[in-house]
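Please open the structure in a viewer and keep the selection tool at hand. The tour proceeds stop by stop, with a selection to make at each one.

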Amino acid sequence: MKQAWKTFATRPVPRYTSYPTAADFSPRVAEEQAAVWAASVNPDEPVSVYMHVPFCEKLCFYCGCATSVPNGYRRIATYLETLHQEIDVWAKALGPHAGMAHLHFGGGSPNALSAEDFKGLVAHAIDAFGARPDIEIAVEVDPRTLTPDFIQAMADAGVSRVSFGVQTLAPKVQEAVGRIQPKDLLVDGIERLRAVGIHAINMDLMYGLPFQTVEDVVEAAHFAAEMGAARVSFFGYAHVPWFAKHQSAIDESALPGLEERFRQAEAGAAALTGAGFHAIGLDHFAAPDDPLTRAARAGTLHRNFQGYTDDPCETLIGIGSTAISQFRQGYVQNFKARTAWAAAIEAGRLPSERGIELTDDDRLRARAIEKLMCQLWVDVDATCREMGAAPGALDDAMETARFLQSAGLCRIDGNVVSVPKEARLLLRTVAQSFDGRFKPVEARHAKAV
């Protein structure tokens, strides 16, 4: 890592899965606006749906997701009952639309549900929202608790893509993060998925974990290639114990330092691209024939709360506690407190606790940030014209970018800002140049690297 980059690498910056980010959401925008926005969906517009299942059999120490250990199925069953009710509340609130293009299950671990309950949830969503002929149904799974019955249920329900939580193969690292899963278990799960016809298998890998080495990271990357992963998400561990309390179980003295993290990230990326994966944006990799790669090459790649996607839908309905919905007009997030979430739904209301309405300036900056995050370059003048903004509307961003250029984080050619390959890990820092709302608050965002 270049010496000049170290200061930037340790600064907290948003992940920019949305703009404005969730840090800017406010209770001033909630249920009333959500209902108006949902009703305004165009009749010929497809929608996407995200289902949040916030349960795991065991908590991994590194996790920053909104999840918990249910200690029996009763809590899951109660949550599931409310989830079904919320499907109906949103289906009633939505105006006529062209059906679901994408249905994504995240968590937590969606395979915390029983096989029959999962199939029932998919069937209810399809019945309530409709399904386009080419719908993609994707599920995130915990390999440790993935049963043959659940695998068959996914196949029966029409699941076409599964995200497999690998993270690392190193036994010492697995023990340090509370996620023991032998390689044989992973191979068996992947083979069982393919045997029932689910061939698009994504893998989640991590770097920067306690006791992790460059060799560990490269081993996991080679495993993803050998097993024929369709996509790989390659994230750096974000140590935020003030936000995710269970991260306090991680021995901070065992965490790799900044330069070691950078070496791990570079080595993992080199191993993945060397195996034929196409680098996607900041931290994703995809096989040459995967739709994500085709979208990146065609310039139609997008970024939302699930990360990089080829999903073009402007409307994303988030179902479950803490889930976020996206509309042309803005964002709304469901109640975090389960009791408040359930009470709103039982009363027949949308369970929206907070959100934000987009201004024209927000839309302009969101477009510039998305382009930069997706293709590592943005033509600022062209983006202003595309969004109907006045020339010079992003002059403040260009001024900041020129400062970053002096440190080698980006290049400016006319009004095109690009991030060189060697500075890819600092992409979020360059994107922050276009963030007109950013406030450097400690203990809010993860560090850049």
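Select Arg365 and Asp361, which form a salt bridge with their closest N and O atoms 2.9 Å apart. A salt bridge here is a side-chain nitrogen of Lys or Arg within 4 Å of a carboxyl oxygen of Asp or Glu. The model is a predicted one: local features need pLDDT of at least 70, side-chain atom pairs count only at pLDDT 80 or more, and totals for chains, interfaces and linings use all residues. Residues are numbered from 1 along each chain as its sequence is written, and side-chain values use heavy atoms, with hydrogens and water left out.

Because Arg365 and Asp361 are four residues apart in helix 12 (residues 360-375), about one helical turn separates them. Helices (H or I, at least four residues) and strands (E, at least two) are DSSP runs, numbered from the N terminus. Arg365 is buried, at 5% relative accessibility, whereas Asp361 is partly exposed at 34%. Buried means under 20% relative accessible area, exposed over 50%, and partly exposed in between (1.4 Å probe, protein chains only).

Next, select Arg437 and Asp362, whose side chains meet in a salt bridge of 2.9 Å, N to O. Arg437 lies in the segment after helix 15 and Asp362 in helix 12, so the pair ties together parts that are 75 residues apart in sequence. Arg437 is partly exposed at 26% relative accessibility, while Asp362 is buried at 1%.

Move now to helix 9 (residues 258-274), where Arg263 and Glu260 are three residues apart, about one helical turn. Arg263 forms a salt bridge with Glu260, the closest N and O atoms being 3.2 Å apart. Add Lys6 and Glu259 to the selection: Lys6, Glu259, Glu260 and Arg263 are linked in a network of salt bridges. By the rule given above, the count comes to 21 salt bridges.

For a contrast, select Arg428 in helix 15 (residues 427-431). Which side chain of opposite charge is nearest to Arg428? It is Asp283, 6.5 Å away, and Arg428 is buried yet has no salt bridge. Lys and Arg count as positive and Asp and Glu as negative; His and the chain ends are not counted. The side chain of Arg428 does reach the backbone oxygen of Pro14, at 3.4 Å.

Turn to strand 4 (residues 161-167), in which seven of the seven residues are buried. In a regular strand the side chains alternate between the two faces of the sheet. Colour Arg161, Ser163, Gly165 and Gln167 for one side and Val162, Phe164 and Val166 for the other; both faces are covered. Strand 3 (residues 131-141) pairs with strand 4 in the parallel sense over four bridges, and Val139 stands opposite Val162. Strand 5 (residues 200-207) runs parallel to strand 4, joined by six bridges, with Ala200 opposite Arg161. Two strands pair if DSSP finds at least two bridges between them.

Finally, select Leu103, Phe118, Met154, Phe164, Val417 and Phe434, which touch the most other members of the 118-residue largest nonpolar core. A nonpolar core is a set of buried Ala, Val, Leu, Ile, Met, Phe, Trp, Tyr and Cys residues joined through side-chain atoms within 4.5 Å. Helix 3 (residues 74-93) gives the most to this core, with eight residues. A second, separate core of 10 residues includes Cys63, Val173, Val177 and Leu209.

Key: Polar contact = N/O pair within 3.5 Å; in protein donor to acceptor, adjacent residues only side chain to side chain.
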